[in-house]
Amino acid sequence: MTTRALARALLAFAATGLLCGETVRLATWNVRNYNVCDRQVEGVFRKAYPKPESEKAALRAAIRRVNPDIIVFQEMGPRPVLEELRRD
């Protein structure tokens, strides 16, 4: 799905809820390289290293607090990484 098509679908979903008088909570989040990549971890450079578990746990807790109906991620890795976040 293209970015434009996704944006249209999200707007249609949100508009449907608003027209019915419901509140729709939309969140957009830069998850800062939620992927396996080269990164600095605790002052040490790591090649092909996953996002640290402490950062994943903080993100999951924040998502639970916000409790969005729709969430859009920036800097999210490929589908398997997204599925990992969904499972967690």
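Me: How much space lies in the largest pocket of this predicted model?
Reply: Let's start with the idea behind the number. Rolling a probe the size of a water molecule over the atoms shows where empty space is left. For the largest pocket, that space comes to about 440 Å³.

Me: Which residues are the closest to the centre of the largest pocket?
Reply: The largest pocket is lined by 16 residues. Helices and strands share in this lining, as α1 (3-19), α2, β4 and α3 each give two or more residues. Closest to the centre are Ile71, Phe73, Leu82, Leu85 and Arg86.

Me: Which element gives the largest share of the lining of the largest pocket?
Reply: Four elements give two or more residues here: α1, α2, β4 and α3. Among these, look for the one that supplies 5 residues, which is the largest share. That element is β4.

Me: How many charged residues does the lining of the largest pocket have?
Reply: Sort the lining by class. Nonpolar residues number 11, and there are no polar ones. The charged residues number 5.

Me: How much space lies in the second largest pocket?
Reply: This pocket has 10 lining residues, and Thr3, Leu6, Ala7, Leu10 and Val72 are the closest to its centre. By class, the lining has 7 nonpolar, 3 polar and no charged residues. The space in this second largest pocket is about 180 Å³.

Me: Which element gives the most to the lining of the second largest pocket?
Reply: Two elements, α1 and β1, each supply at least two residues of this lining. The one that gives the most supplies 4 residues. That one is α1.

Me: Is leucine 10 buried, partly exposed or exposed?
Reply: Leucine 10 lies in helix α1, and it touches Ile70 and Val72 further along the chain. Its relative accessibility is 22%. Buried would need a value under 20% and exposed a value over 50%, so leucine 10 counts as partly exposed.

Me: What distance separates the C-alpha atoms of leucine 6 and valine 72?
Reply: Leucine 6 is found in helix α1 and is partly exposed, with a relative accessible area of 38%. Along the chain, leucine 6 and valine 72 are 66 residues apart. In space, their C-alpha atoms are separated by 9.8 Å.

Me: What distance separates the C-alpha atoms of leucine 10 and aspartate 38?
Reply: Count along the chain first: these two residues are 28 residues apart. Then look at the C-alpha atoms in the structure. Their separation is 32 Å.

Me: Which element gives the most to the largest nonpolar core?
Reply: In soluble globular proteins, nonpolar side chains tend to be buried together. Here the largest nonpolar core has 10 residues, including Trp29, Leu59, Ile63 and Leu85. Two or more residues come from each of β1 (26-34), α2 and α3 (79-87). The most, 4 residues, come from β1.

Me: Is lysine 51 buried or exposed?
Reply: Lysine 51 is found in the loop between β3 (44-49) and α2 (53-66). It touches several residues, among them Val31, Tyr34 and Arg39. The relative accessible area of lysine 51 is 6%, and the cut-off for buried is under 20%. Therefore lysine 51 is buried.

Me: Which residue has the backbone oxygen that the side chain of lysine 51 reaches?
Reply: Among the residues that lysine 51 touches are Val31, Arg32 and Asn33. The side chain of lysine 51 reaches a backbone oxygen at 3.0 Å. That oxygen belongs to valine 31.

Me: What is the phi of alanine 48 near?
Reply: Most residues other than glycine have a negative phi. Alanine 48, in strand β3, has a positive value instead. Its phi is near 45°.

Me: Is asparagine 67 buried or exposed?
Reply: Asparagine 67 lies in the loop between α2 and β4 (70-76), and its phi is also positive, near 50°. Its relative accessibility is 56%. Since exposed means over 50%, asparagine 67 counts as exposed.

Me: What distance separates the C-alpha atoms of proline 78 and asparagine 67?
Reply: Proline 78 sits in the loop between β4 and α3 and is partly exposed, at 46% relative accessible area. Proline 78 and asparagine 67 are 11 residues apart along the chain. Their C-alpha atoms are separated by 23 Å.

Definitions and conventions: Residues are numbered from 1 along each chain as its sequence is written. This is a predicted model: local features need pLDDT of at least 70, side-chain atom pairs count only at pLDDT 80 or more; totals for chains, interfaces and linings use all residues. Side-chain values use heavy atoms; hydrogens and water are left out. Buried means under 20% relative accessible area, exposed over 50%, partly exposed in between (1.4 Å probe, protein chains only). A polar contact is a pair of N or O atoms within 3.5 Å; within protein, one must be able to donate a hydrogen and the other to accept it, and residues adjacent in sequence count only if both atoms are side-chain atoms. Contact means heavy atoms within 4.5 Å. A nonpolar core is a set of buried Ala, Val, Leu, Ile, Met, Phe, Trp, Tyr and Cys residues joined through side-chain atoms within 4.5 Å. On a 1 Å grid over the protein atoms alone, a cavity is a set of points where a 1.4 Å probe fits but cannot get out, and a pocket is an open set with protein on both sides within 12 Å along at least five of seven lines; lining residues have an atom within 4 Å of a point. Grid points are joined across faces, edges and corners, and a volume is the space filled by probe spheres set on the points. Ala, Val, Leu, Ile, Met, Phe, Trp, Tyr, Cys and Pro count as nonpolar, Asp, Glu, Lys and Arg as charged, and the others, Gly among them, as polar. Lists of a residue's contacts leave out its neighbours within four places in sequence.
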